[in-house]
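Reader: Please take a close look at the surroundings of the ligand in this model, and then at some single residues elsewhere in the chain. A plain, connected account would do.

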Amino acid sequence: MPYDYDDQNIFAKILRGEIPNDMVMETEHTIAFNDIGPKAPIHVLVLPKGSYVNHDHFHAEATDAEILDFARVTARIIADKGLAPGSGGDGYRVIGNAGIDGLQEVPHYHLHILGGRNLGAMVPSA
Ligand code: 5GP
C-alpha cells in the first residue's frame, strides 16, 4: 500500500481531541493551529481532518470538497494574519514537507504558513 497512515501520530491525537492545540481556524474538513515551536513570528499549521500522509497523498485521494476547503482555509489565514502582498502584507512562505528528503516529522499532511519576518533563503545550501 503506497500510503500507510499511522493513526498514532501527534496530529491524529490532536484531531481526536486527545492533545490540546492553539486553534487558529476550524472548518468541516480542515483545522489550523499554531506550531508548538514557531520558526517565525507567525507559524500556523494547516491540516486536513482526513487521514492523509502528505501533499501527494492528499491531492491524489481527497475529495474535491476537502481540497477546496483546505485551500480556502490556507488563504483565509494568510489574509487574516495580514500577510498577503496584494493587500499590503509583507508576504509569507507556505511549506509542505514530505518523506525522508523533506524531513517530514509528523506523518499527517500539513502546510506550514510562515511570516512576520524576512524568511531568508528558500532552501539552505547543502
Ligand atoms: P514537519 O517536519 O512534519 O513538516 O513539521 C512538524 C511540525 O509540527 C514542527 O514544526 C513541530 O514544531 C510541530 N509540532 C510537533 N508536535 C506538535 C504539537 O504537539 N503541537 C503543535 N502545535 N505543533 C507540533
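Author: Helix 1 contributes three residues to the shell around the ligand, the most of any element. The model is a predicted one, and the account below should be read with that in mind. Two elements give two or more residues to this shell, namely helix 1, which spans 10-15, and strand 2, which spans 30-34. In total, 17 residues surround the ligand. The closest of them are Asp 35, Glu 105, Val 106, His 110 and His 112. By type, the shell is made up of eight nonpolar, six polar and three charged residues. The ligand sits in the largest pocket.

The polar side chains come next. Asp 35, already listed with the closest residues, has a polar side-chain atom 2.5 Å from an oxygen atom of the ligand. His 112, also one of the closest, has a side-chain N or O atom at 2.8 Å from a ligand oxygen. For Asn 97, the distance between a side-chain N or O atom and an oxygen atom of the ligand is 2.9 Å. On its own the ligand has 520 Å² of accessible area, and the protein covers 87% of that.

From here the account turns to single residues, beginning with the loops on either side of strand 1. Asn 21 is placed in the loop that joins helix 1 to strand 1. Its relative accessibility is 29%, so Asn 21 counts as partly exposed, a class that runs between 20% and 50%. Ten residues separate Asn 21 from Phe 11 in sequence, and their C-alpha atoms are 9.6 Å apart in space. Beyond strand 1, which covers 23-26, the loop leading to strand 2 contains Thr 27. Thr 27 has a relative accessible area of 14%, and because this is under 20% the residue counts as buried. The side chain of Thr 27 also makes a polar contact, at 2.5 Å, with the side chain of Asp 69.

The loop after strand 2 leads to strand 3, which spans 42-48, and Ala 40 is located in that loop. With a relative accessibility of 8%, Ala 40 is buried. Ala 40 and Gly 116 are 76 residues apart along the chain, while 6.5 Å separates their C-alpha atoms.

Helix 3 and the loop that follows it supply two further residues. Val 73 belongs to helix 3, and helix 3 itself runs over 64-80. The relative accessible area of Val 73 is 1%, so this residue is classed as buried, the limit being under 20%. Between the C-alpha atoms of Val 73 and Pro 48 the distance is 10.0 Å, with their positions 25 residues apart along the chain. Lys 81 is found in the loop that connects helix 3 to strand 4. At 35% relative accessibility Lys 81 is partly exposed. Lys 81 and His 59 lie 22 residues apart along the chain, and their C-alpha atoms are separated by 26 Å.

The last residue is Leu 103, in the loop between strand 4, at 92-95, and strand 5, at 111-115. Leu 103 is not a glycine, yet its phi is positive, at about 55 degrees. Its relative accessibility of 69% is over 50%, so Leu 103 counts as exposed.

To return to the ligand, the pocket that holds it is the largest, and the shell around the ligand has 17 residues, with helix 1 giving the most. Side-chain atoms of Asp 35, His 112 and Asn 97 are each placed against an oxygen atom of the ligand at the distances stated above.

Methods. Residues numbered from 1 in each chain as written. Predicted model: local features only at pLDDT ≥ 70, side-chain atom pairs only at ≥ 80, totals over all residues. Heavy atoms only, no water. Near = heavy atom within 4 Å. Polar contact = N/O pair within 3.5 Å; in protein donor to acceptor, adjacent residues only side chain to side chain. Areas by Shrake-Rupley, 256 points an atom, 1.4 Å probe, with all protein chains shown as cover. 1 Å grid on protein atoms, 1.4 Å probe; cavity = no way out; pocket = protein on both sides within 12 Å on 5 of 7 lines; lining within 4 Å. Sits in = over half its atoms within 2 Å of the grid points. Helix = DSSP H or I, 4+ residues; strand = E, 2+ residues; numbered from the N terminus. Nonpolar A, V, L, I, M, F, W, Y, C, P; charged D, E, K, R; others polar. Buried < 20%, exposed > 50% of the residue type's maximum accessible area, 1.4 Å probe, protein only.
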